[in-house]
Amino acid sequence: MALRLTVQVQLVLQALLRDPAAEMYGLELSEETGLQPGTAYPILLRLEHEGWVTSRWEDVDPRAEKRPARRYYRLTASGAVEASAALAGARRPNGTALRRLAGRGGIA
């Protein structure tokens with residue numbers, strides 16, 4: 001099944017493409033895109049299943065850090081190419097669509 005390029009998927013891909021070699025943790029991506037974690041994490045999972053994204057758990061002691069370990073995501077080399085091509089050909093949402101989405105709590 002092909003990946004649907006919803007506005008939310010486009011936002012995640014745009015955030016990851018800002019620095020394709022960099023890793024970002026899930027909540028960081030959520031904040032960057034304005035998407036709720038319940039929206040961002042399933043998108044990241046789908047992108048990983050498509051082979052566009054890879055992830056890893058951070059190796060930290062949660063007690064010492066006083067926070068849970070983070071899961072970091074980054075684009076694969078082929079994922080960066082595919083994401084760029086997909087975004088270039090994607091239908092861009094208009095301002096009305098983005099305002100409607102923002103009004104439902106989808107983006108900040």
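**Group meeting talk: helix α1 and its surroundings**

Let me begin at a loop, the one between α4, residues 62–65, and β3, because that is where K66 lies. What I am showing is a predicted model, and I will keep to what can be read from its coordinates. K66 is not a glycine, and yet its phi is positive, at about 60 degrees. Is K66 buried or exposed? With a relative accessibility of 73%, K66 counts as exposed, since the cut-off for that class is over 50%.

Let me step back to the whole chain. There are 6 helices and 3 strands, and if you read along the sequence they come in the pattern α-β-α-α-β-α-β-α-α. The chain has 108 residues, of which 34% count as buried. If we take the contacts in the chain with a separation of 6 or more, 58% of them are accounted for by residues 24 or more positions apart.

Now to the helix I would like to spend most of the time on, which is α1, residues 7–17. I will take its contacts with α2, α3 and α5 in turn.

With α2, residues 26–33, helix α1 packs at an angle of about 110 degrees, and the two axes are 9 Å apart. An angle from 65 to 115 degrees counts as roughly perpendicular, and α1 and α2 are therefore described in that way. The crossing in which α1 passes α2 is right-handed. On the α1 side the residues that meet the partner are L11, V12, A15 and L16, and on the α2 side they are L29, E32 and T33. Sorted by class, this contact of α1 with α2 has 5 nonpolar residues, 1 polar and 1 charged.

With α3, the angle is about 75 degrees and the axes are 10 Å apart, which makes α1 roughly perpendicular to α3. Here α1 brings Q8, V9, V12, L13 and L16, which meet T39, I43, L44, R46 and L47 of α3. By class, the residues of the contact of α1 with α3 divide into 7 nonpolar, 2 polar and 1 charged.

With α5, the packing angle is about 130 degrees, and the axes are again placed 10 Å apart. How are α1 and α5 set relative to each other? They are oblique, because 130 degrees falls outside the ranges for roughly parallel, roughly perpendicular and roughly antiparallel. In this case α1 passes α5 in a left-handed crossing. Q10, L13, Q14 and L17 of α1 make the contact together with A80, A83, S84 and L87 of α5. The classes in this contact of α1 with α5 are 5 nonpolar and 3 polar, with no charged residues.

That leads to the nonpolar core. As general background, nonpolar side chains in soluble globular proteins tend to be buried together. In this model the largest nonpolar core has 23 residues, and those that touch the most other members are V12, L13, L16, L29, L47, W52 and V53. Two or more residues each are given to this core by α1, α3 (37–49), β3 (71–75) and α5 (77–89). Which element gives the largest share? It is α1, with 7 residues. L47 is a useful residue to look at on the screen: setting aside its neighbours within four places in sequence, L47 is in contact with L3, V12, L13, L16, W52 and V53.

I will finish with two residues that can be followed from one part of the chain to another. The first I have picked is R71, which has its place in strand β3. R71 counts as partly exposed, at 29% relative accessibility. Its C-alpha atom and that of S55 are separated by 6.6 Å, although the two residues are 16 apart along the chain. Leaving aside sequence neighbours within four places, R71 is in contact with M24, Y25, G26, E48, S55, R56 and W57.

The other is A22, found in the loop between α1 and β1, residues 24–25. A22 is partly exposed as well, with a relative accessible area of 25%. Where does the chain come back to A22? Beyond its neighbours within four places in sequence, A22 is in contact with Y73 and R74. The C-alpha atoms of A22 and Y72 are separated by 9.5 Å, and these residues are 50 apart along the chain.

Technical notes: Residues are numbered from 1 along each chain as its sequence is written. This is a predicted model: local features need pLDDT of at least 70, side-chain atom pairs count only at pLDDT 80 or more; totals for chains, interfaces and linings use all residues. Side-chain values use heavy atoms; hydrogens and water are left out. Axes are lines fitted to C-alpha atoms, for helices over the stretch in contact, and angles run from 0 to 180 degrees between N-to-C directions. Helices (H or I, at least four residues) and strands (E, at least two) are DSSP runs, numbered from the N terminus. Angles under 35 degrees count as roughly parallel, over 145 as roughly antiparallel, 65 to 115 as roughly perpendicular and the rest as oblique. A crossing is left-handed if the near helix is turned anticlockwise from the far one by less than a right angle, and right-handed if clockwise. Contact means heavy atoms within 4.5 Å. Ala, Val, Leu, Ile, Met, Phe, Trp, Tyr, Cys and Pro count as nonpolar, Asp, Glu, Lys and Arg as charged, and the others, Gly among them, as polar. Buried means under 20% relative accessible area, exposed over 50%, partly exposed in between (1.4 Å probe, protein chains only). A nonpolar core is a set of buried Ala, Val, Leu, Ile, Met, Phe, Trp, Tyr and Cys residues joined through side-chain atoms within 4.5 Å.
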